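Subject: The structure I promised you

Hi,

Here is the structure we talked about, ready for you to open and turn around on screen. Have a look at it first, then read on for what I found.

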Amino acid sequence: MDIPLIASGDVFSNLLAKKMFDETGCDGLAVARGCLGNPWIFKEIKEYLKSGKLINPPEKKEIAKVLREHLDANLDFYGEKNGVVIFRKFYIWYTKECARFAA
């Protein structure tokens, strides 16, 4: 019986995903902390594994749009008070890379 091997741990980029496949021979990946504040990682990994091409990271406007959608979903689900409190950690994750936009 073949049991698929799913690797997990420290997959924070498409390059690290490729490295995980190469070093472990796994059948698939579990991306956990790597997607926090970076839901685009799945598209980036898929494209890189398919074509070897790096795609551009999201622009500031796209990050802000997704951040707002995430906040709105939190407010709808948890209510205003709890939604904001719970969302604070996600805000940090979404904005940690924003220094690259500084002029």
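Let's start with N74, which counts as buried because its relative accessible area is 8%, under the 20% cut-off for that word. Keep in mind that this is a predicted model. You'll find N74 in helix 3. Which residues does N74 touch, if you skip those up to four places away in sequence? They are G79, G83, I86 and F87.

Now zoom out to the helix that holds N74. Helix 3 covers residues 60–78, which is 19 residues. From its first C-alpha to its last it reaches 27 Å, close to the 27 Å expected at 1.5 Å a residue. N74 has company on the buried list: I63, V66, L67 and L71 of helix 3 are buried as well. Try looking down the axis of helix 3: the buried residues fall within an arc of 140 degrees, so they line one face of the helix. On the face turned away from that buried side you'll see the exposed residues K61 and D76. Right after helix 3 comes G79, with a positive phi near 90 degrees.

What do the buried residues of helix 3 pack against? The partner is helix 4, residues 80–95. The two helices pack at an angle of about 155 degrees, and their axes are 8 Å apart. Since anything over 145 degrees counts as roughly antiparallel, that is the label for helix 3 and helix 4. Their crossing is right-handed. If you want to colour the contact, pick I63, V66, L67, H70, L71, N74, L75 and Y78 on the helix 3 side. On the helix 4 side, choose E80, N82, G83, V84, I86, F87, F90, Y91, Y94 and T95.

There's another helix pair to check out. Helix 1 (residues 14–24) packs with helix 2 (residues 41–51) at an angle of about 55 degrees, again with the axes 8 Å apart. That angle makes helix 1 and helix 2 oblique to each other, and they cross in a right-handed way. Helix 1 brings N14, L15, A17, K18 and F21 to the contact, while helix 2 brings E44, I45, Y48 and L49.

E44 is worth a click of its own. This residue sits in helix 2, and is E44 buried or exposed? With a relative accessible area of 11%, E44 is buried. Leaving out neighbours within four places in sequence, E44 is in contact with N14, N38, I55, P57 and P58.

Finally, go to the loop between strand 1 (6–8) and helix 1, where D10 is found. Most residues other than glycine have a negative phi. D10, though, has a positive phi, near 60 degrees. F12 lies in that loop between strand 1 and helix 1 too, and at 37% relative accessibility F12 is partly exposed. Skipping residues up to four places away in sequence, F12 touches R33, G34 and I41. How far apart are F12 and I45 in space, C-alpha to C-alpha? They are 9.7 Å apart, with their positions 33 residues apart in sequence.

Cheers

Definitions and conventions:
Residues are numbered from 1 along each chain as its sequence is written. This is a predicted model: local features need pLDDT of at least 70, side-chain atom pairs count only at pLDDT 80 or more; totals for chains, interfaces and linings use all residues. Side-chain values use heavy atoms; hydrogens and water are left out. Helices (H or I, at least four residues) and strands (E, at least two) are DSSP runs, numbered from the N terminus. The expected span of a helix is 1.5 Å times one less than its number of residues. Buried means under 20% relative accessible area, exposed over 50%, partly exposed in between (1.4 Å probe, protein chains only). The arc is that of the directions from the helix axis to the C-beta atoms. Contact means heavy atoms within 4.5 Å. Axes are lines fitted to C-alpha atoms, for helices over the stretch in contact, and angles run from 0 to 180 degrees between N-to-C directions. Angles under 35 degrees count as roughly parallel, over 145 as roughly antiparallel, 65 to 115 as roughly perpendicular and the rest as oblique. A crossing is left-handed if the near helix is turned anticlockwise from the far one by less than a right angle, and right-handed if clockwise.
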